[in-house]
Amino acid sequence: MALDRTSIPNDLSAFWMPFTANRQFKKNPRMLVAAQDMHYTTSDGRQVLDGTAGLWCCNAGHGRPKIVEAIAGQAGQLDYAPAFQMGHPLAFELANRLRDMAPEPFDHVFFTNSGSEAVDTALKIALAYHKARGEGGRTRLIGRERGYHGVGFGGISVGGIVNNRKYFGTMLTGVDHLPHTHLPENAFTRGQPEHGAHLADDLERIVALHGAETIAAVIVEPMAGSTGVLLPPKGYLEKLRSICTKHGILLIFDEVITGFGRLGSPFGADHFGVMPDMMTTAKGLTSGVIPMGAVLATGEIHDAFMSGPDNLIELFHGYTYSGNPIASAAGIATLEIYREEGLFQRAADIAPYWEEALHSLRGLPHVIDIRNMGLIGAIELEPIEGEPTKRAFDAFLKAYDKGLLIRTTGDIIALSPPLIIEKDHIDTLIGELAEILKRLE
Ligand SMILES: Cc1ncc(COP(=O)(O)O)c(C=O)c1O
């Protein structure tokens with residue numbers, strides 16, 4: 001018997017939902033049952049405009065036939081191939097296409113299943129790289145306050161979101177954090193803020209404290225997304241790059257959100273013109289359709305492992321589903337859509353309209369900051385005294401009732417629509433949001 005995919009199941013208790021207020025949700029569930037292009041369909045038959053590309057991932061929009069066909073065809077052809085000591089053509093093909101798309105120094109790709117795994121993989125590669133070169137004393141990892149690098153132990157250790165850390169014990173040792181880059185004087189900046197490049201100098205303090213010879217890598221999001229869209233001040237990433245280079249420290253850009261056109265360029269590294277040594281990706285790699293992540297590494301990093309007898313495994317790391325055939329097929333189809341439809345350029349072209357629309361919300365009740373870059377926007381609200389997060393979450397619930405999917409982190413509304421968004425969608429999204437903000441308590 002076919003499964004009923006449209007109605008709400010009569011028992012919601014078994015599924016322990018991630019990053020969700022489970023009890024609240026289950027009293028009043030918000031259930032999506034279908035999606036096409038810019039819209040979701042809810043279980044009560046309503047259309048909801050996707051203002052967040054799912055979770056920052058469905059960059060090509062929903063229900064794209066090319067991706068659907070690639071997945072179906074591959075499932076029938078070769079459902080699974082062992083990932084260790086065996087291969088299948090599509091993983092190599094996808095790696096080649098990623099190499100061709102990425103800035104020049106990135107010519108090797110290690111596949112994972114998620115952003116969290118990509119982050120932990122990159123951190124492990126950084127440690128093993130130094131060891132392979134005879135600098136095994138470089139064991140420290142440096143993250144940043146308010147950084148989000150997924151939920152593995154590596155990712156939460158270098159991450160800087162307090163609630164993601166404080167319940168989970170001691171995490172990795174030997175981790176330090178840079179200060180975040182969110183300065184009140186930058187409020188209502190359009191694009192990259194003016195003030196704050198000096199915050200990168202804190203890396204020199206950390207180096208002086210621990211000794212450069214103990215530090216393996218620095219990891220940052222080139223633009224911090226999940227914490228509420230914190231943009232890098234002008235000159236900040238350049239400074240981080242030069243301090244890392246000076247001290248032989250690897251720089252990792254976590255591009256899980258900024259990769260695949262979100263800023264109007266293939267990667268944040270292209271957008272900002274600053275090259276890290278590794279990039280972590282996921283989400284837009286398959287337009288969110290199938291779980292997949294990837295670490296892109298330079299030839300210098302990769303080649304440091306390629307010594308010793310060639311019958312020995314060079315990196316003791318990998319996942320059962322690294323480069324899974326169906327995920328690879330989805331990834332190839334997704335990259336083809338991006339190229340054929342020029343979606344990254346499209347995002348760049350529509351970004352000024354997006355910026356204008358977002359900043360038209362300035363002056364509405366409770367709005368204390370608006371930030372934007374590429375097809376990302378954030379509207380920060382003044383928290384209700386004694387009830388942080390409530391005001392923005394109320395906006396989220398009201399938006400959902402009105403047929404909009406937005407996302408909130410703390411009291412920040414974050415928007416990141418699919419790159420296929422049209423101007424009239426932007427008008428609807430921002431226009432409806434303005435009405436909601438006007439009536440918010
Ligand atoms: C910058 C960044 N890194 C890592 C992750 C984790 O990715 P995943 O949820 O696929 O594990 C995310 C997810 O939002 C992210 O934004």
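## Exercises on a predicted model

**Exercise 1.** Is Pro-105 buried, partly exposed or exposed, and which residues does Pro-105 contact beyond its sequence neighbours?

*Solution.* Pro-105 has 16 C-beta neighbours inside 10 Å and therefore counts as partly exposed. The cut-offs behind this step are 20 or more for buried and 12 or fewer for exposed. The structure is a predicted model. Next, place the residue: Pro-105 sits in the loop that links α4 to β4 (106–112). With neighbours up to four places away in sequence left out, the contacts of Pro-105 are Met-275 and Thr-298. Finally, take the pair Pro-105 and Thr-298: the C-alpha atoms are 5.1 Å apart, while the sequence separation is 193 residues.

**Exercise 2.** Describe the packing of helix α4 against α12.

*Solution.* Start with the geometry. Helix α4 covers residues 89–101, and its axis is 9 Å from that of α12, at an angle of about 35°. The two helices cross in a left-handed sense. Then list the contact residues. On α4 they are Leu-90, Ala-91, Glu-93, Leu-94, Arg-97 and Met-101. On α12 they are Pro-325, Ser-328, Ala-329, Gly-331, Ile-332 and Leu-335. Last, sort the contact by class: eight residues are nonpolar, two are polar and two are charged.

**Exercise 3.** Where does the largest nonpolar core lie with respect to domain 1 and domain 2?

*Solution.* First, the content of the core. It has 119 residues, and those with the most contacts inside it are Ala-217, Val-218, Leu-240, Leu-250, Ile-252, Met-278 and Leu-296. Helix α12 (residues 325–340) supplies the largest share, eight residues. Both domain 1 (22–60 + 343–439) and domain 2 (68–340) contribute residues, so the core lies between them. As a general background, nonpolar side chains in soluble globular proteins tend to be buried together.

Now take one member of the core in detail. Residues up to four places away in sequence aside, Met-278 touches Ala-122, Ile-125, Leu-250, Ile-252, Val-295, Leu-296, Ala-297 and Ile-301.

**Exercise 4.** How many residues of domain 1 are in contact with domain 2, and which element gives the largest share of that side?

*Solution.* The domain assignment gives domain 1 as 22–60 + 343–439 and domain 2 as 68–340. Their C-alpha centres are 26 Å apart. Across the boundary, 30 residues of domain 1 contact 27 residues of domain 2. On the domain 1 side, the elements giving two or more residues are α2 (53–56), α13 (343–359), β11 (367–373), β12 (376–381) and β15 (412–415). Of these, α13 gives the largest share, seven residues. By class, this side of domain 1 holds 18 nonpolar, eight polar and four charged residues.

**Exercise 5.** What are the phi values of Phe-19 and His-366, and is each residue buried, partly exposed or exposed?

*Solution.* Take Phe-19 first. Its phi is near 40°, which is positive in a residue other than glycine. Phe-19 belongs to the segment before α1 (22–27). A count of 9 C-beta neighbours inside 10 Å makes Phe-19 exposed.

Then His-366. Its phi is near 70°, again a positive value in a residue other than glycine. His-366 is found in the loop between α13 and β11. Because 18 other C-beta atoms lie within 10 Å, His-366 is partly exposed.

Terms used:
Residues are numbered from 1 along each chain as its sequence is written. This is a predicted model: local features need pLDDT of at least 70, side-chain atom pairs count only at pLDDT 80 or more; totals for chains, interfaces and linings use all residues. A nonpolar core is a set of buried Ala, Val, Leu, Ile, Met, Phe, Trp, Tyr and Cys residues joined through C-beta atoms within 7 Å. Helices (H or I, at least four residues) and strands (E, at least two) are DSSP runs, numbered from the N terminus. Domain bounds come from an automatic or database domain assignment. Two residues are in contact if their C-beta atoms, placed from the backbone, lie within 7 Å. Axes are lines fitted to C-alpha atoms, for helices over the stretch in contact, and angles run from 0 to 180 degrees between N-to-C directions. A crossing is left-handed if the near helix is turned anticlockwise from the far one by less than a right angle, and right-handed if clockwise. Ala, Val, Leu, Ile, Met, Phe, Trp, Tyr, Cys and Pro count as nonpolar, Asp, Glu, Lys and Arg as charged, and the others, Gly among them, as polar.
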